[in-house]
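The following exercises concern a predicted model. Each task is followed by a solution that proceeds step by step.

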Amino acid sequence: MRLTKYAHSCVRIEHDGGVLVVDPGMFSEAAVALDGADAVLITHEHPDHVDAEAINRQLERRPFVIHGPTSVSKVLGDAAEALRPVSPGESFTAAGVPVRAYGGRHAVIHPDIPVVDNIGYLFNDIVYHPGDALFVPQDVPVDTLFAPIHAPWSKFSEVVDFIRAVAPRRVFALHDALLNTNGLTVLDRQYTALSGSEYQRLEPGSRIDG
């Protein structure tokens with residue numbers, strides 16, 4: 001698999017001629033990431049993970065299937081017709097890539113804010129994108145983890161413990177669009193020192209092999 005990391009939580013996966021895109025949100029280069037997509041996977045309904053306008057524009061150019069929690073339908077507009085609901089524990093294929101679904105609920109932001117559905121995705125039993133939750137797959141070892149390093153709902157120590165619990169060979173930073181240079185510098189240094197895995201933060205548009 002060829003992985004392209006876009007800003008914030010957006011990842012594009014290319015495999016055997018198929019293209020799938022995870023979480024093309026408003027902080028990412030959604031239009032670029034979606035170009036040529038055969039499938040789109042959305043972890044949850046928050047706009048930093050789903051740019052409905054960009055998705056609808058791309059659907060006008062070519063059809064594709066959208067996978068995500070049922071609750072995503074309410075933010076997709078006309079694109080909701082392309083949604084195939086996904087539940088935790090389900091396995092399916094998207095753009096030729098085997099996918100397993102994990103989790104079910106978004107991390108708690110504050111008790112006064114409703115908790116929404118969130119699905120984490122494991123691709124080809126290798127690459128794990130958890131969305132906005134720190135759910136640890138227990139049934140398969142993860143080689144490559146995209147870890148949300150910063151969010152209103154997260155705590156640094158909990159993210160470190162999450163990475164250690166998943167215990168991937170390598171971990172790439174995810175969910176970092178709200179950080180400035182100072183914050184990125186501090187967190188990169190700390191995650192490198194404490195995660196227990198090979199840690200790296202990729203610049204938007206960077207490509208790696210999965």
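**Exercise 1. Determine whether Tyr-121 and Phe-123 are buried or exposed, and describe how their rings are arranged.**

Step 1. Both Tyr-121 and Phe-123 are buried; the cut-off for this class is a relative accessible area under 20%.

Step 2. A pair of aromatic rings is described by the distance of the centres and the angle of the planes. For Tyr-121 and Phe-123, the centres are 6.3 Å apart and the planes stand at 35°.

Step 3. Planes under 30 degrees apart would count as stacked and planes over 60 as edge-to-face. The angle of 35° falls between these limits, so the pair of Tyr-121 and Phe-123 is tilted.

Step 4. Ring pairs also bring in Phe-92, which forms a cluster with Tyr-121 and Phe-123. Over the face of Phe-92 lies Arg-84, at 5.4 Å from the ring centre.

**Exercise 2. State which residues of the largest nonpolar core touch the most other members, and which strands supply the core.**

Step 1. The largest nonpolar core has 23 residues, and the members that touch the most others are Leu-20, Leu-41, Tyr-121 and Phe-123.

Step 2. At least two residues of this core come from each of the strands E2 (11-15), E3 (18-22), E4 (39-41), E7 (91-94), E8 (97-105), E9 (117-123) and E12 (170-174).

Step 3. Leu-20 serves as an example. Setting aside residues up to four places away in sequence, Leu-20 touches Val-11, Arg-12, Ile-13, Ala-39, Leu-41, Ala-94, Ala-95, Val-97 and Phe-123.

Step 4. Another core lies apart from the largest one; it has 21 residues, including Leu-122, Val-142, Leu-145 and Ala-147.

**Exercise 3. State how many aromatic pairs the structure holds, and analyse the pair of Tyr-102 and Phe-135.**

Step 1. There are 7 aromatic pairs in the structure.

Step 2. In the pair of Tyr-102 and Phe-135, the distance is 6.2 Å centre to centre and the angle between the planes is 35°, which is a tilted arrangement.

Step 3. Tyr-102 belongs to strand E8, whereas Phe-135 belongs to the loop between strand E10 (127-129) and strand E11 (144-148). The two residues are 33 residues apart, and their pair links distant parts of the chain.

Step 4. Tyr-102 has 8% relative accessibility and therefore counts as buried. Phe-135, with a relative accessible area of 38%, is partly exposed.

**Exercise 4. For Asn-118 and Ser-9, find where each residue lies, whether it is buried or exposed, and what it touches.**

Step 1. Asn-118 lies in strand E9. Its relative accessible area is 1%, so Asn-118 is buried.

Step 2. Beyond residues up to four places away in sequence, the residues that Asn-118 touches include Thr-43, His-44, Tyr-102, Arg-105, His-106, Pro-130 and Asp-132.

Step 3. Ser-9 is located in the loop between strand E1 (2-5) and E2. Because its relative accessibility is 1%, Ser-9 counts as buried.

Step 4. With neighbours within four places in sequence left aside, Ser-9 is in contact with Val-22, Asp-23, His-49, His-129, Leu-174 and His-175.

**Exercise 5. Identify the buried residues of helix H2 and name elements that cover them.**

Step 1. H2 spans residues 52-61, and Ala-52, Ala-54, Ile-55, Asn-56 and Gln-58 are buried in H2.

Step 2. An α-helix has 3.6 residues a turn, so residues three or four places apart point the same way.

Step 3. Among the elements that cover the buried residues of H2 are helix H1 (30-34), strand E5 (65-68) and helix H3 (73-76).

**Exercise 6. Describe the protein as a whole: its secondary structure, its radius of gyration and its contacts.**

Step 1. The secondary structure consists of 5 helices and 14 strands.

Step 2. The radius of gyration is 16 Å, close to the 17 Å that the globule rule gives for 210 residues; the protein is therefore as compact as a globular protein of that length.

Step 3. Of the 210 residues, 53% count as buried. The accessible surface comes to about 9,100 Å², and 50% of this surface belongs to carbon and sulfur atoms.

Step 4. Among contacts with a separation of 6 or more, 55% are between residues 24 or more positions apart.

Key
Residues are numbered from 1 along each chain as its sequence is written. This is a predicted model: local features need pLDDT of at least 70, side-chain atom pairs count only at pLDDT 80 or more; totals for chains, interfaces and linings use all residues. Side-chain values use heavy atoms; hydrogens and water are left out. A nonpolar core is a set of buried Ala, Val, Leu, Ile, Met, Phe, Trp, Tyr and Cys residues joined through side-chain atoms within 4.5 Å. Buried means under 20% relative accessible area, exposed over 50%, partly exposed in between (1.4 Å probe, protein chains only). Helices (H or I, at least four residues) and strands (E, at least two) are DSSP runs, numbered from the N terminus. Contact means heavy atoms within 4.5 Å. Rings of Phe, Tyr and Trp (its six-membered ring) pair if their centres lie within 6.5 Å; planes under 30 degrees apart count as stacked, over 60 as edge-to-face and the rest as tilted. A charge sits over a ring if NZ of Lys or CZ of Arg is within 6 Å of the ring centre and within 35 degrees of the ring normal. The radius of gyration is taken over C-alpha atoms; the globule rule is 2.2 Å times the number of residues to the power 0.38. Accessible areas come from the Shrake-Rupley method with a 1.4 Å probe; for residues, only the protein chains shown count as cover.
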